[in-house]
Number of protein chains: 2
Amino acid sequence: VRVDELRTPALVVDGDAFTRNLRTMSAALPGPRLRPHVKAFKSTAIARELVAAGHRTLCGATLRELAGLAIIGIGDDLLLANESLDEDHLWEVAASGVRVTVAVDSPETIAVAAAAGVREVLVDVDVGMPRCGCRPTDAGRLAGEARAAGLEVRGVMGYEGHLMTTDPAAKAEQVAAAMEPLAVAHADVGGEVVSGGGTGTYAVNTWCTEIQAGSYLLMDSHYGATEVPFEQALHLVATVISVNRSGGWAVADAGLKALGMDHGDPTIDGARVWFCSDEHTTFSPLDGGPLPRVGDRVRIVPAHVDPTVAYHERFHVVSGDEVIDVWPIDLRGW
Amino acid sequence: VRVDELRTPALVVDGDAFTRNLRTMSAALPGPRLRPHVKAFKSTAIARELVAAGHRTLCGATLRELAGLAIIGIGDDLLLANESLDEDHLWEVAASGVRVTVAVDSPETIAVAAAAGVREVLVDVDVGMPRCGCRPTDAGRLAGEARAAGLEVRGVMGYEGHLMTTDPAAKAEQVAAAMEPLAVAHADVGGEVVSGGGTGTYAVNTWCTEIQAGSYLLMDSHYGATEVPFEQALHLVATVISVNRSGGWAVADAGLKALGMDHGDPTIDGARVWFCSDEHTTFSPLDGGPLPRVGDRVRIVPAHVDPTVAYHERFHVVSGDEVIDVWPIDLRGW
């Protein structure tokens with residue numbers, strides 16, 4: 001099958017760019033130095049590629065992601081890098097037989113983890129982004145509570161998500177400042193693991209023993225500006241279904257139900273995107289270039305990859321114009 | 001099952017509000033005066049409710065939506081209110097045995113419709129929103145081309161999507177201005193159908209013979225300001241998974257992968273939403289109200305219903321605190 005024959009809109013992964021991204025990160029952070037984050041791609045097929053590259057420690061943001069890996073048996077050290085109060089589904093994952101660790105940041109999440117049969121936890125610490133994580137000064141106490149509940153405490157986790165796309169010149173210093181309280185918490189908590197980081201900070205976060213990166217594989221256009229050595233490997237192929245010559249615009253059959261829109265409109269090379277509606281993107285050529293023709297294919301680059309992927313059922317892996325593989329996006333939903 | 005027992009994030013439909021919305025519109029636009037648009041809810045279960053209320057003429061924006069209705073045999077006059085170049089899948093729908101009409105706005109879309117075995121078309125006319133639709137003055141010529149290709153031309157379609165949320169005082173006048181060229185095109189094209197309109201304009205669009213409304217059933221918060229007589233019937237139930245007392249914020253387990261974000265952040269009654277990340281919404285109580293507790297449930301109102309629905313697998317229909325039905329969202333994807 002050729003790319004031009006795909007039913008549109010279709011998510012397309014450049015297999016060569018993907019492989020280069022995979023290898024670049026594996027060289028920088030081999031084996032368990034990387035804890036790949038499956039939330040970025042939600043696909044067991046990509047998780048298998050990571051395991052094949054030596055990364056057997058994976059993490060996810062949802063129980064569906066963890067369960068999908070655990071039940072098939074992909075990886076041998078899985079982390080729910082998130083809090084959960086869902087005892088039933090946590091139990092399902094914990095009972096899978098795979099080593100499963102869960103983030104906790106409160107007495108309630110500790111109690112649920114223990115009740116669900118989880119054996120190991122990380123204490124999640126607030127390192128400056130207003131989301132989950134306990135105060136650094138509370139981490140030691142929570143670790144004690146977890147141990148008292150029969151849980152093994154492997155260490156700490158702290159995600160500096162607010163620093164992913166910060167100015168490269170200031171990033172190392174800001175990451176250092178964010179990691180300082182995590183180091184203090186780690187000293188109080190004990191254990192061997194300090195988990196955190198992401199695609200935007202992996203090169204400067206030398207405090208974490210493992211980096212939770214995932215976006216680097218498909219790459220997000222907003223990381224492009226921050227000088228990470230990864231290539232855009234994902235785009236959306238759409239068909240031009242209407243051309244308005246007098247108005248000077250064309251319409252592609254992919255809209256805001258096929259694109260994560262929280263970072264704004266997508267981009268099209270050589271064109272200005274006017275707006276997206278449910279199933280359409282209206283655009284016009286830049287610099288008086290020629291309008292496309294009805295039936296032409298167009299490549300749309302999503303503004304935010306992660307929520308784009310979550311709308312789709314599969315990736316089409318391509319080499320040039322040929323579709324060489326199909327990877328199901330089988331870890332979406334909850 | 002009680003709402004509090006649902007796995008979160010969970011899409012919840014207030015069954016009573018839904019029924020009131022359904023009845024209000026059916027009273028205003030009975031039977032074929034309404035051509036309900038399934039793009040808003042992507043569910044055969046809701047399509048069946050509409051058919052039971054006397055609306056046997058339905059429309060959709062994607063071939064997946066049309067195929068889902070046609071293959072099961074829901075409705076007996078289905079319109080693809082969109083252009084398609086996908087001959088194979090158009091053929092699938094046309095061959096279903098159900099009456100299928102397709103919008104066309106170019107020689108190319110006419111040729112594909114004819115080749116796919118479609119029998120009837122509407123000529124889609126640009127009425128002021130830069131998207132699909134031919135120039136009004138081209139409509140008659142395209143109708144002739146369609147007839148020459150063996151297609152029955154049922155009339156015209158023109159969607160005034162740019163006027164859905166305009167100032168109510170100016171709306172009637174603006175819709176009239178948009179419908180004027182459609183009426184001219186209709187005179188050139190012939191046929192009995194003038195299809196257009198939506199939830200925001202159904203009350204003032206007296207030019208269309210049928211109104212393509214769908215959002216009124218679940219309702220979008222941005223329509224609320226425009227004085228339509230429909231109630232918000234959909235929200236997202238999430239669980240509070242983390243509370244930061246010193247910072248004054250709480251975190252719910254539903255984020256931008258569970259919410260259409262093109263209209264901005266969602267809202268929570270009595271709270272200020274700080275931001276959404278992939279699987280989290282950070283918020284704080286208004287007016288010094290009490291922080292929730294870890295494990296509490298919270299109701300999140302999406303800023304835009306249609307792309308929110310497209311992330312989910314099912315609606316939970318509730319009456320008070322009881323889940324009384326589950327409606328699959330089985331028409332999503334492409």
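Trainee: What turn and shift lay chain B on chain A?

Mentor: In general, two copies of a chain are related by a rotation about an axis and a shift along it. Here a turn of 180° and a shift of 0.0 Å along the axis lay chain B on chain A with an RMSD of 0.0 Å, superposing by least squares on the C-alpha atoms of residues with pLDDT of at least 70 in both. The two copies are thus related as by a two-fold rotation axis. The same surface serves both: 100% of the contact residues of chain B recur in chain A, contact meaning heavy atoms within 4.5 Å.

Mentor: Bear in mind that this is a predicted model, where local features need pLDDT of at least 70, side-chain atom pairs count only at pLDDT 80 or more, and totals for chains, interfaces and linings use all residues. Residues are numbered from 1 along each chain as its sequence is written, chains are lettered from A and ligands numbered from 1 in the order in which they are written, and side-chain values use heavy atoms, with hydrogens and water left out.

Trainee: Where does the kink in α7(B) lie?

Mentor: A bend is the angle between axes fitted to the seven residues ending at a residue and the seven starting there. In α7(B) a kink of about 25° lies at B:Met179, shortly before the proline B:Pro181.

Trainee: Which residues of α7(B) are buried?

Mentor: Buried means under 20% relative accessible area, with a 1.4 Å probe and protein chains only. Among them are B:Lys171, B:Met179 and B:Leu182. The buried residues of α7(B) pack against β5, α6, β6 and β7 of chain B.

Trainee: How much of chain A is buried?

Mentor: Buried residues make up 61% of its 334 residues.

Terms used: Helix = DSSP H or I, 4+ residues; strand = E, 2+ residues; numbered from the N terminus. Buried < 20%, exposed > 50% of the residue type's maximum accessible area, 1.4 Å probe, protein only.
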